[in-house]
Amino acid sequence: VQVVPSTVVRDVKQAALAALVGGGEPVDGYVVKLGGAEVRAEQGSLAEAGVRNGSTLLLIARRRRPVR
């Protein structure tokens, strides 16, 4: 997905999901990671999250942990 630094992380997440599975997937069921750490501020821009030109963002399913 081609984006600019001012793009909101959540918008990138939605675009990637649409490209991968054609939409319909719940966005909150996935996590965006940068450098192995979850990007928690999804309402912020890529630049604010520390994404630089050439960075790789990982989009993975959120793991559900059983309640004990």
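Reader: Where is the place of Lys13?
Author: Lys13 sits in helix 1, residues 9–21, where helices (H or I, at least four residues) and strands (E, at least two) are DSSP runs numbered from the N terminus. This is a predicted model, in which local features need pLDDT of at least 70, side-chain atom pairs count only at pLDDT 80 or more, and totals for chains, interfaces and linings use all residues. Residues are numbered from 1 along each chain as its sequence is written, and side-chain values use heavy atoms, leaving out hydrogens and water.

Reader: Is Lys13 buried or exposed?
Author: Lys13 is buried, with a relative accessible area of 2%, where buried means under 20%, exposed over 50% and partly exposed in between, using a 1.4 Å probe and protein chains only.

Reader: And what is Lys13 in contact with?
Author: Leaving aside neighbours within four places in sequence, Lys13 is in contact with Val27, Tyr30, Val31, Val32, Glu42 and Leu59, contact being heavy atoms within 4.5 Å.

Reader: Which other residues are buried in helix 1?
Author: Alongside Lys13, the buried ones are Val9, Val12, Ala16 and Leu17. Seen down the axis of helix 1, the buried residues fall within an arc of 135°, so they line one face; the arc is taken from the directions from the helix axis to the C-beta atoms.

Reader: What covers them?
Author: The cover for the buried residues of helix 1 includes strand 1, helix 2 (46–49) and strand 3.

Reader: New topic, what order do the strands have in the sheet?
Author: The open sheet of 3 strands has the order 2-1-3 with antiparallel pairing, and two strands pair if DSSP finds at least two bridges between them.
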